[in-house]
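The exercises below are to be worked with the sequence and the model side by side. Each task is followed by a solution in steps.

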Amino acid sequence: MSKVSSDHPHTPGKPPGMSPARTSKTSRPGWPEIIVGLVVYLIVGFGVRLFEQFGLDPVVHGLILTAWTGVATLIAFAVAARLRIRSLSAFGVRRTSGRWLLIGVGVGLVAFVLKSLAILAWVQITGDTNNVQDVYGDGARGGLLSLVLSTVFIAVFSPLGEELLYRGIITNALLRYGPFVGVVGSTVIFALMHGINIIFPAAVVAGLATAEVFRRSGSIWPGLVVHFVFNLPSFLLMMLFASTG
């Protein structure tokens, strides 16, 4: 991965897009933010298991599970971001260009195709066909409102939280060790947090695509577009197969 220029000129050793005048003593996230963010995410993420004790309606339970990744990652980001740094721009929350948003659409489409191939390879190698995210479909089968909510949770809410935590903090922090460690290292963490299952290869593809786009653009927004394009077709296809199955 060669280092290329982005739309955000930056001083070497500082996060892309930050001018010296806007850079505080701690100008980018580091290991404290990574550790706190992941610990908080695991704690909050584990909390969703409490709802399994209530015998909720499958639609309600599915909606809660669908939203919970976004809830957990946003809380984790909020806690980690308050440790030492007060500027959201240090986490990649900064304006980007229309060109980068269009690039995000293209990268998302390519990543979606590669994800499908990666999952097929996973199934051939492991024989594992159990999709642990099938429960998300339950939340979309309660009518128009539940379908809209599930789509927003899958395509926007969860990707926003994941981009802030995994790219805004983890990729950003690891990039101080070079592009390979930043992109691949954060991808490994991202994929492992999804578990060793049929989602793992998809998470690897998504992690590589969004981390590299973040590295090049210096903003989380193009990666969010990648994530949106990456997630939305899968969810719609899952609903289509469920309704015709």
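**Exercise 1. A position in a helix**

Thr69 sits in helix α2. The model is a predicted one, in which local features need pLDDT of at least 70, side-chain atom pairs count only at pLDDT 80 or more, and totals for chains, interfaces and linings use all residues. Residues are numbered from 1 along each chain as its sequence is written, and side-chain values use heavy atoms, with hydrogens and water left out.

Task: decide whether Thr69 is buried or exposed, and find which residues are in contact with Thr69.

Solution. Step 1: fix the classes; buried means under 20% relative accessible area, exposed over 50%, and partly exposed in between, with a 1.4 Å probe and protein chains only. Step 2: Thr69 has 17% relative accessibility and therefore counts as buried. Step 3: take a contact as heavy atoms within 4.5 Å. Once neighbours within four places in sequence are set aside, Thr69 is in contact with Tyr41, Tyr136, Ser158 and Glu162. Step 4: Phe157 is 88 residues from Thr69 in sequence, with 8.4 Å between the two C-alpha atoms.

**Exercise 2. Two further positions**

Task: place Val40 and Met193, and give the accessibility class of Val40 and of Met193.

Solution. Step 1: Val40 belongs to helix α1, and Met193 to the loop between α6 and α7. Helices (H or I, at least four residues) and strands (E, at least two) are DSSP runs, numbered from the N terminus. Step 2: with a relative accessible area of 16%, Val40 is buried; Met193, at 24%, is partly exposed. Step 3: leaving out neighbours within four places in sequence, Val40 is in contact with Ile75, Ala76 and Val79. Its C-alpha is 8.4 Å from that of Ala80, 40 residues away in sequence. Step 4: Met193 touches Leu38, Tyr41, Leu42 and Tyr166, not counting residues up to four places away in sequence. For Met193 and Tyr41, 152 residues apart along the chain, the C-alpha separation is 9.6 Å.

**Exercise 3. Helix spans**

Task: compare the end-to-end C-alpha distance with the expected span for α3, α6 and α7.

Solution. Step 1: the expected span is 1.5 Å times one less than the number of residues in the helix. Step 2: α3 has 29 residues and should span 42 Å; its end C-alpha atoms are 41 Å apart, which agrees. Step 3: α6 (residues 179-192) has 14 residues, and both the expected span and the distance between its end C-alpha atoms are 20 Å. Step 4: α7 has 19 residues and reaches 26 Å, close to the 27 Å expected.

Step 5: turn to burial. The buried residues of α3 include Trp100, Phe112 and Trp122, and those of α6 include Val183, Ile189 and Phe190. In α7, 15 of the 19 residues are buried, so this helix is largely enclosed by the rest of the structure. Step 6: look past the helix ends. Gly127 follows α3 and has a positive phi, near 75°; Gly218 follows α7, also with a positive phi near 75°.

**Exercise 4. The largest pocket**

Task: which residues are closest to the centre of the largest pocket, and which helix supplies the largest share of its lining?

Solution. Step 1: on a 1 Å grid over the protein atoms alone, a pocket is an open set of points where a 1.4 Å probe fits, with protein on both sides within 12 Å along at least five of seven lines; lining residues have an atom within 4 Å of a point. Step 2: the largest pocket holds about 1,500 Å³ of space. There are 47 lining residues, and Val132, Gln133, Tyr136, His194 and Ile199 are the closest to the centre. Step 3: α8 gives the largest share of the lining, eight residues.

**Exercise 5. The whole chain**

Task: how many helices and strands are there, and where does pLDDT stay under 50?

Solution. Step 1: the protein has eight helices and zero strands. Step 2: buried residues make up 47% of the 245 residues. Step 3: pLDDT, the predictor's confidence in each residue from 0 to 100, averages 87, and 86% of the residues score at least 70. Step 4: pLDDT stays under 50 over residues 2-15 and over residues 17-24.

Technical notes. Points joined across faces, edges and corners; volume = space filled by probe spheres on them.
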